[in-house]
Amino acid sequence: MKRATWLAAGLVVAGAAHGAELSPVQKQMREIYQELVETNTTNSTGSCTVAANKMAKRLKAAGYKEADLHLIVPPGGPTKGNLVARIKGDGSKKPLLLLAHIDVVEANRADWVRDPFKLVEEDGMFYARGASDDKAMAASFVANMIRYKKEKLAPKRDIVMALTCDEEMVPSKFDGAEYLFNHHRALIDAEIALNEGGGGLLDKQGKPVRHGIQAGEKIYQSFQLEVTNPGGHSSAPYRDNAIYHLAEGLSRLGRFAFPFKLSDVTRSYYERMSNVEQGQVAADMKAILGDPPDAAALERLYAVSPVHNSTVRTTCVATRVDAGHADNALPQRARATVNCRILPDEKVDDVQATLQRVLADDQIKITRIGEGLSAPMPPLTPTLMKAVEEISNDMWPGVPVIPTMSTGGTDGRFLNSGGIWTYGISGMFAGPEGSGAHGLNEHIRVKSLYDGQEYLYRLAKRLATE
């Protein structure tokens with residue numbers, strides 16, 4: 001279907017400029033989105049189970065049978081419910097999974113300009129906790145599953161939607177994606193999955209600059225560093241001081257940089273972005289692709305944004321320090337937490353050995369906090385990329401699709417580790433101001449929400465039917 005036909009059908013796109021009348025599809029999307037963001041799903045006082053039930057009710061009203069809906073509540077987590085819904089295909093291809101988490105980060109009303117649990121539309125923006133992360137995507141999937149049912153879509157693949165809980169809690173014993181993968185894999189098993197982690201960038205004038213597809217993410221692994229000492233009275237100090245040992249080791253770590261390394265995805269990112277950026281930034285992106293990479297160019301990119309440094313190497317940074325027990329006593333213990341984000345093809349054991357070498361002090365004991373999950377980077381197959389790029393170009397002509405690796409983390413790691421190739425892509429564009437996700441006054445542009453819903457509708461439909 002060509003763009004003109006989509007427009008004539010009233011399905012698109014949130015060409016819906018601010019103040020324009022919404023199409024029936026967009027009105028339904030807004031109702032679902034509002035209900036979801038106004039349902040508190042924080043860890044402290046909210047309930048994913050309540051939100052999942054509300055979405056299940058909407059799907060039942062749209063014609064989904066009980067057998068196609070599964071509310072999965074993990075033992076010991078009554079508020080941590082997950083919803084799985086399915087449209088059955090003809091079985092000629094493995095399923096497509098639509099994954100989105102419905103839990104949100106805490107939000108203190110006193111700190112926000114607006115009530116974080118009321119959807120506010122203001123000056124072309126939607127404001128609320130979860131407005132972008134990740135209820136925009138979750139609501140889009142629900143609305144699109146209703147659209148597919150209404151159309152009586154007969155796909156080749158099953159289309160499976162999983163709305164999950166506790167993604168924002170790290171670590172979490174109730175992470176919904178992990179729980180479903182470990183205990184109900186048959187419900188969500190798929191060849192490919194669409195997830196958060198991608199998105200588009202707008203310039204200061206609101207013009208689309210690039211559209212990202214996330215393929216892979218770094219490994220999250222924290223370590224505890226600890227030095228112990230007999231201590232004593234502060235009036236008679238020893239040279240051997242637990243705080244000094246720890247501080248000197250952390251100083252050495254602060255000066256250390258893990259080796260530069262590009263994967264196929266990050267190399268492609270810089271190759272394509274060098275044609276999007278201009279001037280020195282574009283030249284520097286080309287320069288780090290050489291062998292060896294231009295060190296001065298990398299330093300300039302790091303000055304532009306520390307994300308560049310995180311993209312090309314493993315990073316380990318001190319995030320917490322706790323030491324001593326009294327003002328007038330020598331410290332008997334000094335501890336620090338070091339959080340590492342490890343490149344997907346590197347081993348946690350090797351990073352721990354590097355930390356031991358860099359800290360260079362046998363009195364600093366290193367202990368892992370949890371076990372980081374290593375997950376391979378999913379392949380950017382020609383079939384997937386063709387669909388992603390062609391639909392993107394239909395909606396945003398000439399805007400390049402850029403592969404990215406997430407320096408943070410998503411639930412995709414659980415699926416990628418088990419062979420369900422998971423890609424972050426949303427069709428939702430943010431401006432230079434960002435979205436405020438995890439912070440104050442979280443928001444998404446109104447047009448971006450509706451555009452993203454339409455993009456995900458077309459992409460999932462194409463992947464499921466071709």
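A salt bridge is a side-chain nitrogen of Lys or Arg within 4 Å of a carboxyl oxygen of Asp or Glu. In this predicted model, Glu226 and Arg335 form such a pair, with their closest N and O atoms 2.7 Å apart. The protein is divided into domain 1, which covers 24-217 + 376-465, and domain 2, which covers 219-369. The points below take up the two domains, the interface between them, the salt bridges and two single residues.

**The two domains and their interface**

- The centres of domain 1 and domain 2, taken over C-alpha atoms, are separated by 32 Å, and 18 residues of domain 1 are in contact with 16 residues of domain 2.
- Between them, domain 1 and domain 2 bury about 1,300 Å², and 73% of this area is on carbon and sulfur atoms.
- Of the area that domain 1 buries against domain 2, 36% is supplied by Pro403, Met405 and Thr407, which is more than any other three residues supply.
- Between domain 1 and domain 2 the count is one salt bridge, while two residue pairs, both at pLDDT 80 or more, are found in polar contact across the interface.
- On the side of domain 1 that touches domain 2, at least two residues each come from strand 9 (208-217), helix 13 (382-395) and strand 16 (401-406), and strand 16 gives the largest share, with five residues.
- Sorted by class, that side of domain 1 has eleven nonpolar, four polar and three charged residues.

**Salt bridges**

- Across the whole structure, a search finds 23 salt bridges.
- Glu226 lies in strand 10 (residues 219-228) and Arg335 in strand 14 (residues 333-342), so their salt bridge ties together parts that are 109 residues apart in sequence.
- Within this pair, Glu226 is buried because its relative accessible area of 12% is under 20%, whereas Arg335, with a relative accessible area of 33%, is partly exposed.
- Glu454 forms a salt bridge with Arg147, the closest N and O atoms being 3.3 Å apart, and this pair links distant parts of the chain, since Glu454 is in helix 15 (residues 446-465) and Arg147 is in helix 4 (residues 135-151), 307 residues apart.
- Both partners are buried, Glu454 with a relative accessible area of 2% and Arg147 at 6% relative accessibility, and together with Arg458 they are linked in a network of salt bridges.
- The side chains of Glu66 and Lys60 also meet in a salt bridge, at 3.1 Å from N to O; here Glu66 is exposed, with a relative accessible area of 57%, and Lys60 is partly exposed, with a relative accessible area of 39%.
- A further salt bridge brings together the side chains of Glu389 and Arg272, also at 3.1 Å from N to O.

**Two single residues**

- Arg86 lies in strand 2 (residues 82-87) and counts as buried at 15% relative accessibility.
- The side chain of Arg86 is joined to that of Asp158 by a polar contact of 2.8 Å, and, when residues up to four places away in sequence are not counted, Arg86 touches residues including Tyr64, Asp68, Met145, Ile159 and Leu187.
- Thr383 has its place in helix 13 and is exposed, with a relative accessible area of 59%.
- The C-alpha atoms of Thr383 and Ala334 are separated by 53 Å, and these two residues are 49 residues apart along the chain.

Key
Residues are numbered from 1 along each chain as its sequence is written. This is a predicted model: local features need pLDDT of at least 70, side-chain atom pairs count only at pLDDT 80 or more; totals for chains, interfaces and linings use all residues. Side-chain values use heavy atoms; hydrogens and water are left out. Domain bounds come from an automatic or database domain assignment. Contact means heavy atoms within 4.5 Å. Buried area is the accessible area (1.4 Å probe) that two parts lose on being put together, summed over both. A polar contact is a pair of N or O atoms within 3.5 Å; within protein, one must be able to donate a hydrogen and the other to accept it, and residues adjacent in sequence count only if both atoms are side-chain atoms. Helices (H or I, at least four residues) and strands (E, at least two) are DSSP runs, numbered from the N terminus. Ala, Val, Leu, Ile, Met, Phe, Trp, Tyr, Cys and Pro count as nonpolar, Asp, Glu, Lys and Arg as charged, and the others, Gly among them, as polar. Buried means under 20% relative accessible area, exposed over 50%, partly exposed in between (1.4 Å probe, protein chains only).
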